Amino acid sequence: MAIPTSLSLFPVSLPIHSKPFLHNPHTPNRIRAQFQNGASLSPGDDLPSDYETWMPKRDAKTRRRAGILLHPTSFPGPFGIGDLGPQAFHFLDWLHHAGCSVWQVLPLVPPGRRANEEGSPYSGQDANCGNTLLISLEELVKDGLLSKEDLPKPLDTDRVNYTAVADVKDPLVAEAAKRLLSSEGELKNQLNEFRKNPSIAGWLEDAAYFAAVDDAMNTSSWYEWPEPLKHLDVAALEEIYQSKKEFIDIFIAQQFLFQRQWQNVRDYAQMKGISIMGDMPIYVGYHSADVWANKKQFLLNRSGFPLLVSGVPPDAFSETGQLWNRSMLF
């Protein structure tokens with residue numbers, strides 16, 4: 001079949017040497033040589049059989065790419081929120097077929113739930129943990145941690161109601177974590193390796209203890225906790241561990257399930273030639289494991305309350321408990 005060529009857009013009556021693409025410094029030497037040696041094309045002519053070799057191949061690192069910015073919560077999930085289940089893989093298939101090679105995600109951190117954060121990925125309780133509401137119940141069925149009978153009725157909604165979704169998914173994800181903890185086999189071995197991984201254990205322990213104390217105290221901020229817990233006293237944390245051991249184990253197992261599903265999505269994206277572009281939280285929530293366990297990295301006074309920087313208005317400490325980036329650098 002004849003393939004039209006953009007070269008035929010130049011008037012045939014012009015002499016070869018006057019065609020502007022020959023004088024363009026970006027025209028590959030091979031194309032210039034073809035025409036300087038007497039080659040010519042007229043409107044409707046087929047391109048030569050080796051025409052694809054005329055243009056040099058671009059470095060994959062510098063080539064132009066197209067992609068989509070989409071948070072997983074926006075997938076059309078069956079239980080009121082998008083998650084890391086089948087719809088994530090369908091989305092990657094669509095990206096691949098559409099010729100896109102980049103998927104940009106917003107932070108996947110667990111948003112706070114006590115100060116009207118409304119699921120904001122920029123108001124997280126831990127910059128390292130994953131949002132367990134993104135765990136796919138359908139994938140947990142495949143893992144044998146839930147049965148099809150455990151699945152709730154589909155929620156038909158155009159907008160995520162985070163409170164309603166949490167009421168439905170939290171107990172089921174927790175139940176799957178309990179079943180994993182009491183199981184034996186490869187998946188349980190992977191959980192144990194996850195807990196022992198030195199690159200994970202540090203932040204995971206902080207996050208688990210923070211969540212356990214937060215659950216026990218039921219306050220709006222860690223600043224309101226008793227002094228020993230507020231300042232990570234070893235004896236106080238040991239007491240929390242003994243009284244909240246099951247809670248801590250379930251928390252860690254849930255994080256393992258999140259990380260495992262997210263890794264499966266990442267592996268599939270790589271197989272499809274799609275790069276995932278991440279995003280760091282712009283703000284770190286004051287009521288977070290990050291601030292509680294790393295106070296020296298933030299502008300806090302000795303008791304743990306935020307210091308105001310000269311020139312920063314008092315409202316930089318927001319009503320939602322967030323520490324604005326300009327006053328809390330890390």
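Helices, at least four residues each, are DSSP runs numbered from the N terminus. With that numbering, H10 gives the most to the lining of the second largest pocket, 4 residues. The tour ends there. The model is predicted.

**Whole chain**

Start with everything shown. The chain has 330 residues, and 42% of them are buried. Colour by secondary structure: 11 helices and 5 strands appear. Now turn on contacts. Among those with a separation of 6 or more, 69% join residues 24 or more positions apart. Switch to the surface. About 18900 Å² is exposed, and carbon and sulfur atoms supply 53% of that area.

**Helix H6**

Select residues 186–196, which form H6. Show side chains. Which residues of H6 are buried? Leu187, Lys188, Leu191 and Phe194 are. They lie on the same side of H6, because they cover an arc of only 115° around the axis. Note that a lysine, Lys188, is in the buried group. Rotate to the other side of H6. Glu186, Glu193 and Lys196 are exposed there.

Next, add the partners. What do the buried residues of H6 pack against? Select helix H5 (162–181), helix H7 (198–217) and helix H10 (245–271). Keep those three helices on screen for the next stop.

**Largest pocket**

H5, H7 and H10 are also the elements that give two or more residues to the lining of the largest pocket. About 710 Å³ of space lies in this pocket. Its lining has 23 residues. To find the centre, select Arg113, Gln125, Ala211, Phe247 and Phe251, which lie nearest to it. Then colour the lining by residue class. It divides into 11 nonpolar, 6 polar and 6 charged residues.

**Second largest pocket**

Keep H10 and add strand S3 (275–277). H10 and S3 each supply at least two residues of the lining of the second largest pocket. The space here is about 440 Å³. Which residues lie nearest the centre of this pocket? Select Leu108, Ala127, Trp262, Gly278 and Asp279. They belong to a lining of 20 residues. Colour by class once more. The lining divides into 13 nonpolar, 5 polar and 2 charged residues.

**Last view**

Finish with H10 alone (245–271). The buried residues of H6 pack against H10. H10 gives two or more residues to the lining of the largest pocket. In the second largest pocket, H10 gives the most to the lining, with 4 residues.

Definitions and conventions: Residues numbered from 1 in each chain as written. Predicted model: local features only at pLDDT ≥ 70, side-chain atom pairs only at ≥ 80, totals over all residues. Heavy atoms only, no water. Buried < 20%, exposed > 50% of the residue type's maximum accessible area, 1.4 Å probe, protein only. Contact = heavy atoms within 4.5 Å. Areas by Shrake-Rupley, 256 points an atom, 1.4 Å probe, with all protein chains shown as cover. Arc of directions from axis to C-beta. 1 Å grid on protein atoms, 1.4 Å probe; cavity = no way out; pocket = protein on both sides within 12 Å on 5 of 7 lines; lining within 4 Å. Points joined across faces, edges and corners; volume = space filled by probe spheres on them. Nonpolar A, V, L, I, M, F, W, Y, C, P; charged D, E, K, R; others polar.
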